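Q: Please take a close look at one side chain in this model, then work outward from there to the surrounding parts of the fold. Which contacts should a bench biochemist keep in view?

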Amino acid sequence: MSAAEQIFGAGGKRMRPALVFLVSRATLELVGLKDLTTKHRRLAEIIEMIHTASLIHDDVLDESDLRRGRETVHQLYGTRVAILAGDFMFAQSSWYLANLENLEVIKLISQVIKDFASGEIKQASSLFDCDVKLEDYLLKSYYKTASLIAASTKGAAIFSGADRSVTEQMYEYGKNLGLSFQVVDDILDFTQSAEQLGKPAGSDLAKGNLTAPVIFALEKEPKLREIIESEFCETGSLDEAIELVKQCGGIERAQELAKEKADIAIKSLQCLPQSDFRLGLEDMVMFNLERID
């Protein structure tokens with residue numbers, strides 16, 4: 001419980017449950033209903049539990065010392081407790097999920113947990129690989145980030161009783177918002193300070209995890225490849241690599257990619273009636289992009 005309270009108490013944006021509630025409200029209007037159901041609320045809780053469990057395990061795998069500006073669970077309680085705490089949250093969320101008694105939603109969210117593992121394996125198998133393609137990066141980002149957000153938004157629409165065309169559009173909204181969100185996070189890893197990030201700047205690159213800004217910069221700068229393939233063995237080489245990414249237009253091209261995915265997300269909302277809730281969903285996309293303005 002202390003381990004769980006540590007990470008839940010550290011704050012965070014609570015973006016995923018907010019998306020569940022916004023999509024729930026927006027799609028309820030389509031079917032002539034107003035009030036959220038118990039299943040909508042429970043789905044929001046399940047999604048946040050799954051997300052939090054994945055963060056605890058991510059921090060162990062990445063050997064991260066900080067999360068949301070605080071010490072990580074494994075730093076405070078040790079790796080064994082962190083793994084058990086993450087497992088416990090996955091198990092609890094699975095139990096609550098089963099009790100929703102909706103096979104479509106159970107399949108949808110069970111796939112997310114499988115995707116988390118696929119994403120970690122994909123990332124671990126391509127560290128320091130300068131030949132990684134943008135498509136591989138986007139697939140890994142889907143597995144690790146966008147899959148859960150897409151399941152959140154589609155699941156909410158299913159519990160509202162929306163028809164399949166609408167639930168699929170909500171899936172596309174969540175998927176593309178999630179991809180845009182991950183690209184923005186990867187940009188911030190280069191442009192923000194350690195204090196702003198709540199973790200060391202350039203930490204992904206230091207571990208050999210090549211994200212969109214690096215993939216774009218590698219197309220223009222051969223020296224960057226040399227530095228990355230040396231695994232930053234020389235003093236100051238990581239800082240040099242970060243500067244090269246910035247100088248070669250990697251950040252700007254990644255910004256364009258984030259905006260491209262954001263545009264697709266907003267277009268997916270056209271099936272919804274105009275309402276404050278639809279505006280809220282549009283604002284969520286813009287809020288994400290504003291983090292890099």
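A: Gln182 touches Tyr137, Ser141 and Thr145, not counting residues up to four places away in sequence; contact here means heavy atoms within 4.5 Å. The residue lies in helix α8, where helices are DSSP runs of H or I with at least four residues, strands are runs of E with at least two, and both are numbered from the N terminus. Gln182 is buried, because its relative accessible area is 16% and buried means under 20%, with exposed over 50% and partly exposed in between (1.4 Å probe, protein chains only).

The model is a predicted one, in which local features need pLDDT of at least 70 and side-chain atom pairs count only at pLDDT 80 or more, whereas totals for chains, interfaces and linings use all residues. Residues are numbered from 1 along each chain as its sequence is written, and side-chain values use heavy atoms, with hydrogens and water left out.

The helix that carries Gln182 also packs elsewhere. Helix α2 (residues 15-28) and helix α8 (residues 164-191) meet at an angle of about 150°, with their axes 12 Å apart; axes are lines fitted to C-alpha atoms, for helices over the stretch in contact, and angles run from 0 to 180 degrees between N-to-C directions. That angle makes α2 roughly antiparallel to α8, a label given to angles over 145 degrees, while those under 35 count as roughly parallel, 65 to 115 as roughly perpendicular and the rest as oblique. The crossing of α2 and α8 is right-handed, meaning that the near helix is turned clockwise from the far one by less than a right angle, and anticlockwise would be left-handed. From α2, Met15, Leu19, Val23 and Thr27 meet Val166, Met170, Tyr173, Leu177 and Phe181 of α8. By class, the residues of this contact are eight nonpolar, one polar and no charged, where Ala, Val, Leu, Ile, Met, Phe, Trp, Tyr, Cys and Pro count as nonpolar, Asp, Glu, Lys and Arg as charged, and the others, Gly among them, as polar.

Helix α2 has another partner in helix α3 (residues 38-62). The axes of α2 and α3 come within 8 Å and cross at roughly 155°; the two helices are therefore roughly antiparallel to each other, and α2 passes α3 in a right-handed crossing. Here Arg16, Pro17, Val20, Phe21, Ser24 and Leu28 of α2 meet His40, Arg41, Leu43, Ala44, Ile47, Glu48 and His51 of α3. This contact holds seven nonpolar, three polar and three charged residues.

Tyr173 of α8, which takes part in the contact with α2, leads on to the interior. Tyr173, Leu205, Val214, Leu224, Ile228 and Leu281 have the most contacts inside the largest nonpolar core, which has 87 residues. Helix α7 (residues 134-159) contributes the largest share of this core, 13 residues. Such a core is a set of buried Ala, Val, Leu, Ile, Met, Phe, Trp, Tyr and Cys residues joined through side-chain atoms within 4.5 Å. In soluble globular proteins, nonpolar side chains tend to be buried together.

Ile228 illustrates the surroundings within the core: apart from its neighbours within four places in sequence, Ile228 is in contact with Phe128, Cys130, Leu205, Leu210, Val214 and Leu218. Phe128 lies in the loop between α6 and α7 and is buried, with a relative accessible area of 17%. The phi of Phe128 is near 60°, a positive value in a residue other than glycine. Phe232 likewise has a positive phi, of about 55°, although it is not a glycine. Most residues other than glycine have a negative phi.

Phe232 sits in the loop between α12 (222-229) and α13 (237-247) and is buried at a relative accessible area of 13%. Beyond residues up to four places away in sequence, Phe232 touches Phe128, Leu205, Ala206, Ile227, Ser237, Leu238 and Ala241. Phe232 and Gly208 are 24 residues apart in sequence and 9.3 Å apart in space, C-alpha to C-alpha.

Helix α6 (residues 103-124) packs with helix α5 (residues 79-98) at an angle of about 165°, their axes 10 Å apart, which makes α5 roughly antiparallel to α6. The crossing of α5 over α6 is left-handed.
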